[in-house]
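This report was prepared for a reader who has the sequence and the coordinates at hand. It is best read alongside the structure shown below.

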Amino acid sequence: MGTRALLGLVLFLPLLWLRRAWAGSLNSPGLSECFQVNGADYRGHQNHTGPHGTGRPCLFWNQTQQHSYSSSSDPQGRWGLGAHNFCRNPDGDVQPWCYVAETEEGIYWRYCDIPTCHMPGYLGCFVDSGTPPALSGPSGTSTKLTVQVCLRFCRMKGYQLAGVEAGYACFCGSESDLARGRRAPATDCDQICFGHPGQLCGGDGRLGIYEVSVGSCQGNWTAPQGVIYSPDFPDEYGPDRNCSWVVGPSGAALELTFRLFELADPRDRLELRDVPSGSLLRAFDGTRPPPAGPLRLRVAALLLTFRSDARGHSQGFALTYRGLQDVVEDLVQPKGSAQTPVETPGEANSSCSPRPVTLQAAMGARVFSSVTVVSVLLFLLLSLLRLLRRRNCLLAPGKGPPALGPSRGTGRSWAVWYHRPRGMALPCPTGDSQAEGPAAGYRPLSASSQSSLRSLISAL
């Protein structure tokens, strides 16, 4: 009885840690499967239009030759199509989708509602009743509205949050607005941005809210982990951009992973430098991309500098970082002198591997870490045994299924923001109308929104 309870507790502790790690936005990127605003980079395994097997099943891409997109139209796998039926976005639509068995109404494809496919920095879809407004700061409208146009507007006004609505309206607000906001189903934010056919800008009476730090040209990042986007993201970066970010989480080293990297040419360049010495550690450009896997650097603080030339226009980059507390591998480190040579193209793209002279040190560090973990576990075990001696029994949760339902609260988690704000990806209960993906078409604007739009256009 005591052993089973102890094992249950040991298994439950990691779940608590995962739930805690899930919460957040730009500072919790680890659970996201998408880093582009339209999910074009999604390579996950959801094969229904709704999450957790809800909605309609997707057709296999190698059985859709009668349509515009199939595995035969993507022989190189650039769009992620193949002998599977996972949701993808091969045509740059507003979100991943898939073909479905044709209905009597002639509908043969649907969007996929994927909880883990929302770029870090997107906080979700919220109700905007107007009394009071969901975001209380300044607002504006534009027939060329994109997500970044609104982010830039609110950033210049000094606000933390930016919300897009009805395809053409932008609102600014703060953390206090978000705390009292009322969330809406993800499918309510279904209006295409007037300035970009591949982006969604809220819905009719619905705000899609972002952190304004997405796509900023500078920043100082001290959180244990986070995401850094190229300037103007999710739009393409512009010409003559000169941007820098300082990354300094606590730890002995840094780990970077590039989730997206598309620069126009060799003159558009991203440099990584050690902050104290200014030594150049790595440099990447349009012809020299970063390594596919994690890049580990033995630095306490890192300076990232991005420059584009007068013709620069491309999607840019998205990278995740995290601080490393224990260094058990041979990492790239600054030489501490001005004579440090710059890597050649071959060196810039190669990954670091342990050297023979550091093998013993690495093994010693691993042994020390293992002994430390075992010691901590033994200490916890002894503490639990003392507790069990004082008590007659230790209660453990039963084996019956929990009561599931939509989670409510003010927690902030971009990874599952649509249906599970608290971070637990639970299946929707039977009959939940939110589980089905959005319809193939878009709902018309309300009468008030149509009137506002006509007044805006007539004033141009």
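The following paragraphs treat confidence, overall composition, strand pairing and salt bridges in turn.

**Confidence and overall composition**

The structure is a predicted model, and its average pLDDT is 74. A score of at least 70 is reached by 65% of the residues. Two stretches have pLDDT values that stay under 50: residues 1–24 and residues 456–460. For residues 1–24 the model has 22 contacts beyond four places in sequence; for residues 456–460 there are 6 such contacts.

The protein contains 6 helices and 18 strands. Of its 460 residues, 46% count as buried. The accessible surface comes to about 23,200 Å², and carbon and sulfur atoms contribute 56% of that area. Among contacts with a separation of 6 or more, 73% are between residues 24 or more positions apart.

**The open sheet of β11, β18, β13 and β16**

An open sheet is built from 4 strands, arranged in the order β11-β18-β13-β16 with antiparallel pairing. Its edges are β11 (225–229) and β16 (295–297); each has a single partner strand, so one side of each is left without a neighbour in the sheet. On average, neighbouring strands of this sheet are turned by 25° against each other, direction ignored.

Strand β13 (residues 253–262) is joined to β16 by 3 bridges, and the two strands run antiparallel. One bridge partner pair is L256 and L295, the latter in β16. Side chains also connect these strands, for E255 forms a salt bridge with R296. That pair links distant parts of the chain, with E255 in strand β13 and R296 in strand β16, 41 residues apart. E255 counts as buried because its relative accessibility is 7%, under the 20% limit. R296, at 25% relative accessibility, counts as partly exposed.

The loop between β15 (280–285) and β16 holds T287. T287 counts as exposed, at 51% relative accessibility. T287 and D265 are 22 residues apart in sequence, and their C-alpha atoms are 6.5 Å apart in space.

**Strand β9 and its partners**

Strand β9 (residues 206–211) pairs with both β3 and β5. The pairing with β3 comprises 5 bridges and is antiparallel; the pairing with β5 (residues 161–165) likewise comprises 5 bridges and is antiparallel. Individual positions show how these strands are aligned. V127 stands opposite R206 in β9, and C125 stands opposite G208 in β9. From β5, A162 has Y210 in β9 as its bridge partner.

How many residues of β9 are buried? The number is 5 of 6, so β9 is largely enclosed by the rest of the structure. Strand β3 (residues 122–127) is mostly covered as well, with 6 of its 6 residues buried.

R206 of β9 is partly exposed, with a relative accessible area of 21%. This arginine, which stands opposite V127, also forms a salt bridge with D188. D188 lies in the loop between α3 (175–179) and β7 (192–193), 18 residues from R206, and the pair links distant parts of the chain. D188 is buried, with a relative accessible area of 17%.

**Salt bridges**

The count of salt bridges comes to 11. Three of the pairs are set out below, with the distance between the closest N and O atoms.

| Acidic residue | Basic residue | Closest N and O atoms |
|---|---|---|
| D188 | R206 | 3.0 Å |
| E255 | R296 | 3.0 Å |
| E271 | R273 | 3.3 Å |

In the pair E271 and R273, the two residues again fall into separate classes of accessibility. E271 is buried, with a relative accessible area of 11%, whereas R273 counts as partly exposed at 25% relative accessibility. Beyond these pairs, R152, D232 and R241 are linked in a network of salt bridges.

**Reading the two regions together**

Two salt bridges tie into the strand pairings described above. The bridge between E255 and R296 joins strands β13 and β16, which are also connected by 3 bridges of antiparallel pairing. The salt bridge between D188 and R206 connects a loop to strand β9, and β9 in turn is paired with β3 and with β5.

Notes
Residues numbered from 1 in each chain as written. Predicted model: local features only at pLDDT ≥ 70, side-chain atom pairs only at ≥ 80, totals over all residues. Heavy atoms only, no water. pLDDT = per-residue confidence, 0-100. Contact = heavy atoms within 4.5 Å. Pairing = 2+ DSSP bridges. Axes fitted to C-alpha atoms, helices over the stretch in contact; angles between N-to-C directions. Buried < 20%, exposed > 50% of the residue type's maximum accessible area, 1.4 Å probe, protein only. Areas by Shrake-Rupley, 256 points an atom, 1.4 Å probe, with all protein chains shown as cover. Salt bridge = Lys/Arg side-chain N within 4 Å of Asp/Glu carboxyl O.
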